[in-house]
Amino acid sequence: EKEVFREKVANYLVGQGFNEMMTNSITNAAYFSKEEQSSMVTMMDSLSAELNILRNSLFETSMEVVAHNLNHKNNSLRLFEFGKAYNTSGSGKPASPAGRYSESEKLCLVITGNKNEDSWREKAIATDFYNLKGAVNAVLTLFGLKADAIETIEVPKLDNHIIFKLNNIIIASAGTVKKNILDKFGIKQPVYFAGLNWAVISELATSQKNKVKEIPKYPAVQRDLAMIVPKDLIWDEVQKTVEKVKLNK
């Protein structure tokens, strides 16, 4: 069933204009701090100075792909990848008897550039963080999943970083790549990155029961509500307040 889920998601993303990328699980230790490397698996016989450590996420290898495409004038990108990440609780060296190793399946989404091509009919519109957030929600919806909590958490490599939680389990995260990270890869335009815990998502999708309901007999009544709020107000606070009002009713 997991392979069926994977094909379903890949077909959906391709239909939304994404391209699949395939990167190497072995990457460059120079991308990571000493603290990060302490929980990463290093190679005993590295292929080269640039390929000497197993990645602990799909983030760095994705940034390599973005940089490569931008250098070849492919400035508008919508990319995804299914891949594996590796960690260790030991020294990180394969010969270490204390090391316990883990391998996890991940899915990442990367968006940068414009949502559409510039033409005589319409001007190009720059993509933004909300396009990425919508893509993450769409993938979860394919499995009948919906995050019951979205929280804002600061991390070293992403701004506006949010995590999607279901049953108190983190199933996905998303954010805007920080400028100092973009500079490290020679990237000069905004990039948005999301990581999904594919192993957990596919497990939840397999175990849950699908529910159906009768189609409404009458058309829905839709109304818009506009609010003026402070610029620094976090969306999570607005959502919680609205949910609280619904519960009080």
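How many helices and strands does the secondary structure of the protein chain come to? The count is seven helices and nine strands. Keep in mind as you read on that this is a predicted model.

## The chain as a whole

Let's start with the overall picture. The C-alpha trace of the protein chain spans about 65 × 50 × 40 Å along its principal axes. Of the 249 residues in the chain, 38% are buried. The surface that the protein chain exposes comes to about 16,400 Å², and carbon and sulfur atoms supply 53% of that area.

Contacts tell us about the fold too. If we take the contacts between residues at least 6 apart in sequence, 63% of them join residues at least 24 apart. As for charge, the protein chain has 32 positive and 29 negative charges, and the mean positions of the two sets are 5 Å apart.

## The open sheet

In what order do the seven strands of the open sheet follow one another? The order is E1-E4-E5-E9-E8-E7-E6, and the pairing is mixed. At the edges are E1 and strand E6 (149-152), each of which pairs on one side only.

We can walk in from the E1 edge. Strand E1 (residues 19-20) runs parallel to E4, and two bridges join them. Here Asn19 stands opposite Leu79 in E4. On to the next pairing: E4 and strand E5 (residues 101-112) are antiparallel and joined by twelve bridges. In this pairing, Thr88 has Tyr101 of E5 opposite. Strand E4 (residues 77-88) is also mostly covered, with nine of its twelve residues buried.

Now for the E6 edge. Four bridges join E6 to strand E7 (residues 158-166), and these two strands run antiparallel. E6 and E7 form a hairpin that has five residues between them. Two residue pairs help to locate this pairing: Ile150 stands opposite Phe164 in E7, and Thr152 has Ile162 in E7 as its bridge partner. Like the strand described above, E7 has its own cover: seven of its nine residues are buried, which leaves E7 mostly covered.

E7 also pairs with strand E8 (residues 169-177), in the antiparallel sense and over seven bridges. Asp159 stands opposite Thr176 in E8. The hairpin of E7 and E8 has two residues between the strands.

The pairings described here are gathered below.

| Strand pair | Sense | Bridges |
|---|---|---|
| E1 and E4 | parallel | two bridges |
| E4 and E5 | antiparallel | twelve bridges |
| E6 and E7 | antiparallel | four bridges |
| E7 and E8 | antiparallel | seven bridges |

## Two asparagines with positive phi

Two asparagines are worth a look while we are here. Asn160 lies in strand E7 and has a positive phi of about 50 degrees although it is not a glycine. Is Asn160 buried or exposed? Its relative accessible area is 52%, so Asn160 is exposed.

Asn167 lies in the loop between E7 and E8. Asn167 is not a glycine either, yet its phi is positive, at about 55 degrees. With a relative accessible area of 54%, Asn167 is exposed.

## A look at the helices

Which residues of helix H6 (residues 198-207) are buried? They are Trp198, Ile201, Ser202, Leu204 and Ala205. These residues cover an arc of only 160 degrees around the axis, and therefore they sit on the same side of H6.

In helix H3 (residues 59-71) we find Asn69. Asn69 has a relative accessible area of 18%, so this residue is buried. Leaving out residues up to four places away in sequence, Asn69 touches Asn74 and Leu77.

Helix H1 (residues 2-15) is where Val4 is found. Val4 is exposed because its relative accessible area is 56%, over the 50% cut-off. Val4 and Asn180 are 176 residues apart in sequence, and their C-alpha atoms are 39 Å apart in space.

Notes
Residues are numbered from 1 along each chain as its sequence is written. This is a predicted model: local features need pLDDT of at least 70, side-chain atom pairs count only at pLDDT 80 or more; totals for chains, interfaces and linings use all residues. Side-chain values use heavy atoms; hydrogens and water are left out. Buried means under 20% relative accessible area, exposed over 50%, partly exposed in between (1.4 Å probe, protein chains only). The arc is that of the directions from the helix axis to the C-beta atoms. Two strands pair if DSSP finds at least two bridges between them. Contact means heavy atoms within 4.5 Å. Accessible areas come from the Shrake-Rupley method with a 1.4 Å probe; for residues, only the protein chains shown count as cover. Lys and Arg count as positive and Asp and Glu as negative; His and the chain ends are not counted. The place of a charge is taken as NZ of Lys, CZ of Arg, CG of Asp or CD of Glu.
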